[in-house]
2 protein chains.
Amino acid sequence: MFKKILYPTDFSECAQAAIPYIKTMKKAGTKELVILHVIDIRQSTIIDTTAFGETFIYPYDISDILKKEAESQMKTLIKQFSRIFHVTPLIVEGIPFKEIIHAAKLHKVSCIVMSSHGKSNIEEMLLGSVTEKVVRKSPVPCLVIKRA
Amino acid sequence: MFKKILYPTDFSECAQAAIPYIKTMKKAGTKELVILHVIDIRQSTIIDTTAFGETFIYPYDISDILKKEAESQMKTLIKQFSRIFHVTPLIVEGIPFKEIIHAAKLHKVSCIVMSSHGKSNIEEMLLGSVTEKVVRKSPVPCLVIKRA
């Protein structure tokens, strides 16, 4: 019932709130953990207006930088979980909520465990937009961990 | 972490989908279960236009009927769970999502487990309105079980 968990994370402090809950799920039968980080393609290009003396707009692809950063953060997570679960780490590029639903189906997970908010933790928002879309569209149960 | 669970239910088939998951949570440390049924005060009065030969509009309070029906359904649920958990059954009148949040705080539960849809299971709606509001406003983690 909770055998294989998908943990989508943007590595933010909010996203980390789910970690102790995931560890506790072991007792409820969790054996496998898919950790997913999605590099948002809408944010992987920055516009550098200074590159040519502010005359030209120069789109600058930072996806390689983001990927390296993600790999380093993922390593830390793998260390935390690999003693407890069989871990499958995934770093993909795309639209976060779409990739999360896609991964849930592709890897046939039994449950998604995620925090209510990610990096863009706007106080007024009671539920982050990615989490809201995932809960709506998920084919499997979702455990939403609220921010402190 | 999952010691005391709140299970809000309208006794519908969709709401029952959460039951096996709640039972599994025992292994994750769940000891107490608060089962909550909210009689929606907005639906506890029906308008009977036939009472006086269709001349008068006669508001008819059915909350006593609904309460009796709820008590009977609650008994069935208590039987299912009382061998596994310490069960606190609650039947209250009010606006469902507000009473659910109120009960979560009052009974200091550690988690809410509920189905994505209730009685008004509209196929087009990816998430029921009560569940959506509960996930937004809950002070504790929410496990949302999707309809089959």
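Helices, as the term is used here, are DSSP runs of H or I that hold at least four residues, and they are numbered from the N terminus. In this predicted model, the residue K108(B), which comes just after helix α4(B), takes a positive phi of about 45°. The helix itself, α4 of chain B, spans residues 96–106, and its buried residues are P96(B), F97(B), E99(B), I100(B), I101(B), A103(B) and A104(B). These buried residues are covered by elements of chain B that include the strands β1 (4–8), β2 (32–40), β5 (86–94) and β6, together with the helix α5 (129–137).

Within strand β6, which is formed by residues 111–115 of chain B, lies I112(B). This residue counts as buried because 27 C-beta neighbours are found inside 10 Å, where 20 or more are required. When neighbours within four places in sequence are left aside, I112(B) is in contact with L6(B), P8(B), A104(B), V134(B), S138(B), V140(B) and C142(B). Of these partners, S138(B) stands 26 residues apart from I112(B) along the chain, and the C-alpha atoms of the two residues are separated by 8.1 Å.

At the level of the whole assembly, chain A is superposed on chain B by a rotation of 180° with 0.0 Å of shift along its axis, and the RMSD is 0.0 Å. This is the relation of a two-fold axis. Among the residues of chain A, L143(A) comes closest to the rotation axis, with its C-alpha at 2.1 Å. Because 100% of the interface residues of chain A are also interface residues in chain B, the copies meet through the same surface.

Conventions: Residues are numbered from 1 along each chain as its sequence is written. Chains are lettered from A and ligands numbered from 1 in the order in which they are written. This is a predicted model: local features need pLDDT of at least 70, side-chain atom pairs count only at pLDDT 80 or more; totals for chains, interfaces and linings use all residues. Helices (H or I, at least four residues) and strands (E, at least two) are DSSP runs, numbered from the N terminus. A residue is buried if 20 or more other C-beta atoms lie within 10 Å of its own, exposed if 12 or fewer, and partly exposed in between; C-beta atoms are placed from the backbone. Two residues are in contact if their C-beta atoms, placed from the backbone, lie within 7 Å. Copies are superposed by least squares on the C-alpha atoms of residues with pLDDT of at least 70 in both.
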